[in-house]
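Subject: Structure for you to look at

Hello,

I am passing on the structure we talked about. Please open it first; my notes on what was found in it follow below.

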There are 2 protein chains.
Amino acid sequence: MAEKIDLKRIARELNLAVSTVSRALRDSYEISEETKQKVFALARQLNYEPNPYASSLRRQRSKTIGVVLPELPNNFFTHVVNGIEWVARQKGYHVLIYITHEQMEQEISLIRHLQSGRVDGVLASVCAGTQDIAHFRSLHQHGIPLVFFDRVCEDSGFPTVTTNDYEASYHATVHLIQQGCRHLYHLTLPLHLSITRKRLQGFLDALQQYQLPVNESTVLIAKDMDLFYDQLDQLLCSTQPPDGIFAAVEKLVLLVYHICQKRHIRIPSQLKVLAFSNLETAPLLAPPLTTITQPAFEIGKKAAELLFRKIEKKRDILEQMHYVIPSALVIRDSTRSLGQALSNQSAAEWIHSA
Amino acid sequence: MAEKIDLKRIARELNLAVSTVSRALRDSYEISEETKQKVFALARQLNYEPNPYASSLRRQRSKTIGVVLPELPNNFFTHVVNGIEWVARQKGYHVLIYITHEQMEQEISLIRHLQSGRVDGVLASVCAGTQDIAHFRSLHQHGIPLVFFDRVCEDSGFPTVTTNDYEASYHATVHLIQQGCRHLYHLTLPLHLSITRKRLQGFLDALQQYQLPVNESTVLIAKDMDLFYDQLDQLLCSTQPPDGIFAAVEKLVLLVYHICQKRHIRIPSQLKVLAFSNLETAPLLAPPLTTITQPAFEIGKKAAELLFRKIEKKRDILEQMHYVIPSALVIRDSTRSLGQALSNQSAAEWIHSA
DNA sequence: TTGTAAGCGTTATCAT
DNA sequence: ATGATAACGCTTACAA
């Protein structure tokens, strides 16, 4: 076991004061070039790594940010985290990951803990159930900046980074209608979330625009996954099945594919399907899935950049509180109408992004 | 901005010593029930959260572990992290995520930094290029436990958690051969990694067992992805194309699917394909992909459990240094031979449309 | 240019 | 059962 190397040790060996060594290592202008060189050399030789907790305690900043998200095995969130990590690394910051698993109590206790000063700022995407945001306000009162991404709390006074949920939904729905769908259904998560509300609204407005009927069964909200699967199964096998499905989140469209596979329902001839999704395998599915692809990396990057602006100068007034980075509607076979040729662009498209 | 709540503040309000409050909050037997209640009540009322860095500094432990991995948007790694997080949460530990992006210098500087005491232990899956493990040894010398998972350094003296790479590969290859493949190719990453070597060995041994020929082009190693795509494209379009492909990692099998889609090569009739993969969409691909599915969550969970044993009692001798959790070969249409019934309609539709 | 010393908020030791 | 105090390793006035 290697003995501990601290400032005291380096100071002792060089016959210097601890403070001198500290300053030398931070390359302070007060210290002579000669001393600096000696200190650098020994520090390197001894493999010195400053104790981050001593430093954090003294300087009252942790060089750490917290990322709070509902789930990790999710193509959208992992790319967001990648974007965040990209920025954090440039800044020399560390990233703590917290997964809420959609449990509000987790989210609350976690955020309450983060008041402690463990992190200098927080990036969060809230639980599907979150309505009360007292815990986030409390965090703010403790002077810890917070930026929401994707699943944001609107009108909460915190900066947000999202995609153009409403417009993307609207246009995707219009696409479905133009492909001939007349009996459209919308699959989504509980409507507490602003993204689910906006995506739904875009969907409904398109239906209204085209004077297509809406009834209370048009919108299916997934609370429990097993239940939802059965519900969906019944819908797709009913005597009046939908001819178009819009899934507001990736997870739900996979259920549709599974059921269609099991029930031998053909996509797109019997049923057209599209979804908000960042599945890298979307072009390889049977059939290739039309997606609203969110700029996940950019969302993470932008959210992190905003957070660092807040961290670096708390008084900084952002010229804009709500950033919207548009999604792309990528049309693939799952929404093609019969007359249209099947495409093989997907491969080329994919290579390009890889 | 809420004023800072610390032990001193609580002590002052209750006319107690700081040390008493500290002990009360840790529910020490030395403190009277009455005092404890008062302290608890006030702490709760003031929303007290202890400063973790002060505590870490004093106690010389951080209640934090570090997870080092080559990439995050990857179905295997995200599930591993989920498993790790699951254990860490039980233990009241925090999780720092570090992504190396396959850059060895990143890995080295990162691990060197972690000597600082920022974490109480490290879980790592190394870069494809990592050969020298001096940085890991150095970490160990600083008394910080390390457990490798998946991409492990063998014979390094550190505990490892992996799947049964060799056996799984061997059996998967036998499966391909039994399905009629005679011209098999193996796609993999650089062979510095123990997983790539073991998977390759399982593959080669099966070929030898069945007396199938092996030549220098049988094994394709992906260094640069763009280059590899072209190389693969040429192979699949050559006059002597393979009739079976084994991809040692998920990323590479997707290239195969893309090329087959673009080149109208039919799977499985012209080419059978399987891969190590944790793709949740494997059953939904065109055609459904036969996978060697790794127990990702369990690997993360086991690795974390081992790490905590080391953290909690450094002298603890593990009765076993290398844990192997078996993968499952999930046979789907991508390796079915012609005589066999297709498992579902999506494959039928795919063939029809191809 | 360098040294001395206080202090960050907690915990552990020793006293009362 | 509670209090006083030192110490964790570093940064930063202030002094020299």
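Helices here are DSSP runs of H or I with at least four residues, and strands are runs of E with at least two. On that basis, residues 7–59 of chain A are 72% helix and 0% strand, and the end C-alpha atoms of this span lie 16 Å apart. An unreviewed UniProt entry annotates residues 7–59 of chain A as "domain: HTH lacI-type". Please keep in mind that this is a predicted model.

The two protein chains come next. A turn of 180° with a shift of 0.0 Å along the axis lays chain A on chain B, with an RMSD of 0.0 Å. This is therefore the relation of a two-fold axis. The same surface serves both copies, as 87% of the contact residues of chain A recur in chain B.

As for DNA strand D, 29 residues surround it. The closest are Y48(A) and R58(A) from chain A, and A17(B), T20(B) and T35(B) from chain B. The surface near strand D draws at least two residues from each of α2 (18–25) and α4 (52–59) in chain A, and likewise from α2 (18–25) and α4 (52–59) in chain B. By type, its residues are ten nonpolar, ten polar and nine charged.

Which part of DNA strand D do the atoms within 4 Å of the protein belong to? Sugar or phosphate accounts for 62% of them, and bases for the rest. Three phosphate contacts can be checked by eye:

- S22(A): a polar side-chain atom lies 2.9 Å from a phosphate oxygen of strand D.
- A17(B): a backbone N or O atom lies 2.7 Å from a phosphate oxygen of strand D.
- Y29(B): a backbone N or O atom lies 3.5 Å from a phosphate oxygen of strand D.

Regards

Definitions and conventions. Residues numbered from 1 in each chain as written. Chains lettered and ligands numbered in written order. Predicted model: local features only at pLDDT ≥ 70, side-chain atom pairs only at ≥ 80, totals over all residues. Heavy atoms only, no water. Near = heavy atom within 4 Å. Polar contact = N/O pair within 3.5 Å; in protein donor to acceptor, adjacent residues only side chain to side chain. Nonpolar A, V, L, I, M, F, W, Y, C, P; charged D, E, K, R; others polar. UniProt positions renumbered as here; feature names shortened; annotations may be inferred. Least-squares fit on C-alpha atoms with pLDDT ≥ 70 in both. Contact = heavy atoms within 4.5 Å.
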